[in-house]
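Subject: Structure handover and notes

Dear colleague,

I am passing on the structure that we spoke about, together with some notes for a first reading. Please look at it before you read on.

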Amino acid sequence: MQILFCDVDDLTKQYLSEHPAPNGVSYVICEKSLNDMDDDELGKYYDTTDIISTFVYSRLTSELLSKFKNLKMVSTRSTGYNNVDLDYCRAHNIKVANVVGYGEITVAEFAVGLLLNLTRNIEFSHKKLNRGIVNVDQDIGIDLHGKTVGVIGTGSIGRHFARLVHAFGCKVLAYDLYPNQALADEGTCEYTDVETIYKNADIISIHCPATKENYHMINKDTIAKMKDGVYIINTARGDLIDTVALYNALVSKKVKGAGLDVLEYEDIILKNTVESAPEQSKEYILYSLINQKLLQLNNVIVTPHIAFNSIDANYRILNTSMQNMMDFIDGKEIRSVA
Ligand code: NAI
């Protein structure tokens, strides 16, 4: 069995050196994303790869997957798997295993970090100070205590986020397609409909998956329903927010601040190149521009999809994805999302 690891960073490299391939298994280790390798680099693995271990940067489209003639499994080193064509995998009996529950507290803590940074102008004042500018009037922020926080999606991450902001003394309004009664019973939040959140929340934090139904759930119309001066936090997926609508709302100050760990077409920024473009489409060029403009706003903090990225969480991800692959190789039942 051959496992092709792509998007391999230093920590993953270190982990793989500490966990060498068992008998009968071999590793191919690629630092690059699959989409950044051409047939010359990748072609030699098309017939030999049994399992692909991927991070979110590689887009496993049907076109790419179809090149791997003996592929049996995709193991994502992430919770999200919207970068994998599940329909193709289902049709070709390729199992897809993700990692659930490795970093709920890690991502939730990061979301609170973005929130505090925004509401107290921490990075803004630091940047000014770096330029020798001291202007405390511009740095004035708000307390979290007493504010109403809307949490959309109270799965693993959202429920921890709800608990953390509740501990700050916030009133937490929650919305989920499947409310978690235990969370409400412990007094952390009150479940409501999403319209009530838009109307009443001073802060909205999104923790939903990027499904077709959730595409642009935050858009021009939903932003219009929000309180003036609302703060928006997104550590889930970029596609959940219509970036153009958010940009316009930030410029007009309808939205007072946004903390974004994820962006639509975030790979444009992350790779700092346009060569990785799936195609030089009009939309792609628009997002290159809008993401750059977003980065320049003072009331926005953008981080490069790092909410999961604590040492503790990374080791939990690697342990679980490795276990998924070894269970599959051993013929054990695995939880597949395809
Ligand atoms: P989860 O599956 O435990 O929870 C998602 C919740 O969203 C579920 O309870 C579901 O019912 C709810 N939901 C789905 N659609 C909804 C809608 N339209 N309105 C209200 N609720 C809805 O997922 P988890 O682990 O909490 O992760 C949330 C998302 O965070 C992931 O899907 C992933 O995209 C993202 N993520 C981001 C990371 C980062 O580093 N920035 C790391 C890990 C996850």
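The notes below cover the ligand, the salt bridges, two backbone angles and a surface patch.

This is a predicted model, in which local features need pLDDT of at least 70 and side-chain atom pairs count only at pLDDT 80 or more, while totals for chains, interfaces and linings use all residues. Residues are numbered from 1 along each chain as its sequence is written, and side-chain values use heavy atoms, with hydrogens and water left out.

The ligand has 24 residues around it (a residue counts if one of its heavy atoms lies within 4 Å), and those that come nearest are Ser-156, Ile-157, Asp-176, Asn-214 and Thr-235. Polar backbone atoms of Ser-156 and Phe-308 lie 2.9 Å and 3.0 Å, respectively, from an oxygen atom of the ligand, and a polar backbone atom of Thr-235 is 2.9 Å from a ligand nitrogen. Of the 860 Å² of accessible area that the ligand has on its own, the protein covers 85% (Shrake-Rupley method, 1.4 Å probe).

The whole structure holds 13 salt bridges, each being a side-chain nitrogen of Lys or Arg within 4 Å of a carboxyl oxygen of Asp or Glu. In one of them, Asp-50 pairs with Lys-72, with the closest N and O atoms 2.6 Å apart; Asp-50 lies in the loop between helix 2 and strand 3 and Lys-72 in the loop between helix 3 and strand 4, so the pair ties together parts that are 22 residues apart in sequence. Helices (H or I, at least four residues) and strands (E, at least two) are DSSP runs, numbered from the N terminus. Asp-50 is buried at 12% relative accessibility, whereas Lys-72 is partly exposed at 31% (buried means under 20% relative accessible area, exposed over 50%, partly exposed in between, with a 1.4 Å probe and protein chains only). Salt bridges also link Asp-10, Lys-13 and Glu-31 in a network.

Most residues other than glycine have a negative phi. Asn-121, however, has a positive phi near 55 degrees, and so does His-216, also near 55 degrees. Asn-121 is buried, with a relative accessible area of 16%, and His-216 is buried as well, at 14%.

Finally, Leu-129, Val-134 and Val-136 make a nonpolar surface patch of about 320 Å² (patch residues have over 30% relative accessible area and no salt bridge, with like charges joined within 9 Å and nonpolar side chains, namely Val, Leu, Ile, Met, Phe, Trp and Tyr, within 5 Å). Val-136 is exposed, at 61%.

With best wishes

Methods. Polar contact = N/O pair within 3.5 Å; in protein donor to acceptor, adjacent residues only side chain to side chain.
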